[in-house]
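Dear colleague,

Please find below the structure that I am handing over to you. My notes on what was found in it follow directly after.

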Amino acid sequence: MNFEQLSMLAPEFTMLVGGCLALLVGATSASQRAQLVSPLAFITIVAALLMTLSLGTPESAQVIPGLWLSSLTFYVRCVALVVGAIIVLVNWHQPTASERGEYMALILFSLLGVLLTASSNDLIVLFFSIELVSIPTYVLIGLSREDSRASESAVKYFFLGALSAAILAYGMSFLYGAAGTTLLQTSGDGASIAAWASHGVMSGTAIVGLLLILAGLAFKVAAVPLHVYVGDVYEGAASPITGLLGFVPKLAGFVALIQIFSACQWDVPDAAYWAIWAMAAATMTVGNVVALLQTNVKRMLAYSSVAHTGYMLVALLVGPMAGHGPMHNGVAALLFYIAVYGAMNLGLFAVLSAFARRGKPIETLDDLAGLATVSPLIGLATAVCSFSLMGLPPTAGFVGKLYVFSSAFSLGAEHAFQKPLIILAVIGVVNSAIGAAYYLRIVASVYIRESDESPTPVAGHPVRWGIALCSIPLLVLFVWPVGLLDTARQASVPTNAPVHSVKVVEASGITSAPNTTPPVLLNEMPFAAASRD
Amino acid sequence: MTIGVTHFLVVGAVMFCCGLYTMSTKRNAIGILIGVELVLNSSALNLVAFDRYMGAGRLDGQIMALFIIVLAAAEAALAVGICINVYRNLATVDVDKATQLRG
């Protein structure tokens, strides 16, 4: 390891230093200094984003054996930092002045965990990155809240989270026992899980390990049957932080699943495959049906978050190498979808946090009534985010759902799971239709329903900017999804090329695997080209 | 009879199940935390056993076990903080009393 290699971790170091500075500034009691914390957190994230962009898409480069930068790292860094910046905007005035330092530092640390998850190349690093994502969120729920519901939701989230972490560690111990190493992949001939998986049938130990890992990560992504906490936790937490809860752990969980499956060469054993299949079907259905029954918008969005996890699991099952066409890449569809989901979900929670009714933050459909007359622009943003969650044009949610389901339909007959995946995609499409019903209730409440007491705007400029930054990209990405999708497709190609084709470049001091990513051609994308016209 | 990796795995599995059982039956938040610790320690035991019998000599498992001990300590600190917060609001750490959120 030398300075050149360390400099590739500049975004992570920036987040770490920014978080520590926020803690220090927050520790000083002067309240005018507390005003500095939110701008500091925002600038830190923007700086980390600029560094990520200037570093560009790295060739698969190993910093230390446990950290491996790839095009997946680049994509996840960009998405996490862009959405992270909006999360800071939405939370700008949320914490009380005396707790603002801790609050912003915890947001930065949680995002740092996502960045590290995307570059981890070792089960140890992966496990602790995921914990770095989760542990700050347990605290964030209870911080700066007088409401006793917040401490109840913190306690529920913490104990289920701790259990899922323990199950994840237990599963990883079995995977380690089967593979004999915790390294996910190596550039040389050394032992790694990728090398072990490329020659050998999975033993029972490994399958047990994978199933337990799946169970542990199901909590992070809020998949059935480990979704039981979402309703209570989302309702108890403040709206601005709920936008973070719906996105950051989900992104980390899915990236971890991609990392582990790609180390296993996407050769998922049948038991795990069927487990994910059942999980995806149940997650979509339970999420949508329970969401239909809710009148509390936060609770409704919580179960909608479960349903969206189901759609993403479908894409995960398709995998990255289903075919050669543009729509055949499930992992690219998943990565695209989760970025879009982050924006549309955060947008709605930002709207909820921007208003109050009768002196309380708005929570129910009744509270939303008449919002469009009070603030037409925010009403429009609510409609855009809702339509995007529904998957209707002209929003990015439509493009995302199209990619996810068409990737499942596009499998060739030679694929062993062609029929089950088509059934799953049909279940998904039916579920999208069910989902439309409750999102429409939100739009109807905002636009049609009349209320004796309309919500009053309470948000400052940062929250308004946050709402704009969530909803405008949703329209832009519908017209021009190519840029994001192209990056997602590069990120989805497994970095672990067969061990023999990787050569070690020592001259530059950077151990790299050159050109494991095939070039992606824009004109391979009929839909993207068509939508531009 | 020589002691092999299976024996350690069985002990680990028993600890894992005891942890799950503790978590599902205890109503006191601290009791639930003890259950979490049992589950975490079962994974640490597994890691050390696998490292001893099947590892490639790189001590990966033992290092991960050490980190898990650190994580358990961090989680215990966090759990106590959260429990104090709950106690201030509800004057009890009995999780059955925390029932404002239902749906």
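Leaving aside neighbours within four places in sequence, Val318(A) is in contact with His328(A), Gly330(A), Ser407(A), Ala408(A), Leu411(A) and Leu421(A). Please bear in mind throughout that this is a predicted model. Val318(A) belongs to helix α14 (residues 297-318) of chain A. With a relative accessible area of 5%, Val318(A) is buried, because the cut-off for that class is under 20%. Between the C-alpha atoms of Val318(A) and Ser432(A), which are 114 residues apart along the chain, the separation is 19 Å.

Charged pairs

Side chains of opposite charge can pair when their charged atoms come close. Over all chains, the count comes to 11 salt bridges. Three of the pairs in chain A are described here.

In the pair Arg77(A) and Glu12(A), the closest N and O atoms of the salt bridge are 2.9 Å apart. This pair links distant parts of the chain, with Arg77(A) in helix α5 (residues 71-90) of chain A and Glu12(A) in helix α2 (residues 10-27) of chain A, 65 residues apart. Both partners are covered: Arg77(A) counts as buried at 4% relative accessibility, and Glu12(A) counts as buried at 5%.

A salt bridge also joins the side chains of Glu131(A) and Lys220(A), at 3.7 Å from N to O. Glu131(A) is in helix α7 (residues 123-142) of chain A and Lys220(A) is in helix α10 (residues 204-221) of chain A, so that distant parts of the chain, 89 residues apart, are linked. The relative accessible area of Glu131(A) is 1%, and this residue is buried. Lys220(A) is buried too, with a value of 5%.

The side chains of Glu235(A) and Arg299(A) meet in a salt bridge of 2.6 Å, N to O. Glu235(A) lies in helix α11 (residues 230-236) of chain A and Arg299(A) in helix α14 of chain A, so the pair ties together parts that are 64 residues apart in sequence. Glu235(A) counts as buried at 10% relative accessibility, and Arg299(A) counts as buried at 3%.

Glu235(A) and Arg299(A) are also members of a network of salt bridges, in which they are linked with Arg149(A), Glu152(A), Lys156(A), Asp232(A), Lys298(A) and Glu363(A). Within this network, Arg149(A) is found in helix α8 (residues 148-179) of chain A. The side chain of Arg149(A) makes a polar contact of 3.1 Å with the side chain of Glu363(A). Arg149(A) has a relative accessible area of 17% and is therefore buried.

Two helices of chain A

For helix α6 (residues 100-119) of chain A, 20 residues at 1.5 Å a residue should span 28 Å, and the end C-alpha atoms are 29 Å apart, which agrees. α6(A) is mostly covered, with 19 of its 20 residues buried.

Helix α7(A), which holds Glu131(A), can be treated in the same manner. Its 20 residues should span 28 Å at 1.5 Å a residue, and the distance of 30 Å between its end C-alpha atoms agrees with this. Of the 20 residues of α7(A), 15 are buried, so the helix is largely enclosed by the rest of the structure. At the N-terminal end of α7(A), Asp122(A) acts as a cap, with a side-chain oxygen 2.9 Å from the backbone nitrogen of Ile124(A). Just after α7(A), Ser144(A) takes a positive phi of about 60°.

The interface of chains A and B

How many residues of chain B are in contact with chain A? There are 42, and they are in contact with 42 residues of chain A. The size of an interface is often given as the accessible area lost when the parts come together. Here the area buried between chain B and chain A is about 3,600 Å², and carbon and sulfur atoms give 74% of it. Across this interface there are 0 salt bridges, while 6 residue pairs are in polar contact, both residues being at pLDDT 80 or more.

On the side of chain B that touches chain A, α1 (5-25), α2 (29-54) and α3 (60-90) of chain B each supply at least two residues. α3(B) gives the most, with 14 residues. By type, the residues on this side of chain B divide into 26 nonpolar, 11 polar and 5 charged.

Yours sincerely

Key
Residues are numbered from 1 along each chain as its sequence is written. Chains are lettered from A and ligands numbered from 1 in the order in which they are written. This is a predicted model: local features need pLDDT of at least 70, side-chain atom pairs count only at pLDDT 80 or more; totals for chains, interfaces and linings use all residues. Side-chain values use heavy atoms; hydrogens and water are left out. Contact means heavy atoms within 4.5 Å. Buried area is the accessible area (1.4 Å probe) that two parts lose on being put together, summed over both. A salt bridge is a side-chain nitrogen of Lys or Arg within 4 Å of a carboxyl oxygen of Asp or Glu. A polar contact is a pair of N or O atoms within 3.5 Å; within protein, one must be able to donate a hydrogen and the other to accept it, and residues adjacent in sequence count only if both atoms are side-chain atoms. Helices (H or I, at least four residues) and strands (E, at least two) are DSSP runs, numbered from the N terminus. Ala, Val, Leu, Ile, Met, Phe, Trp, Tyr, Cys and Pro count as nonpolar, Asp, Glu, Lys and Arg as charged, and the others, Gly among them, as polar. The expected span of a helix is 1.5 Å times one less than its number of residues. Buried means under 20% relative accessible area, exposed over 50%, partly exposed in between (1.4 Å probe, protein chains only).
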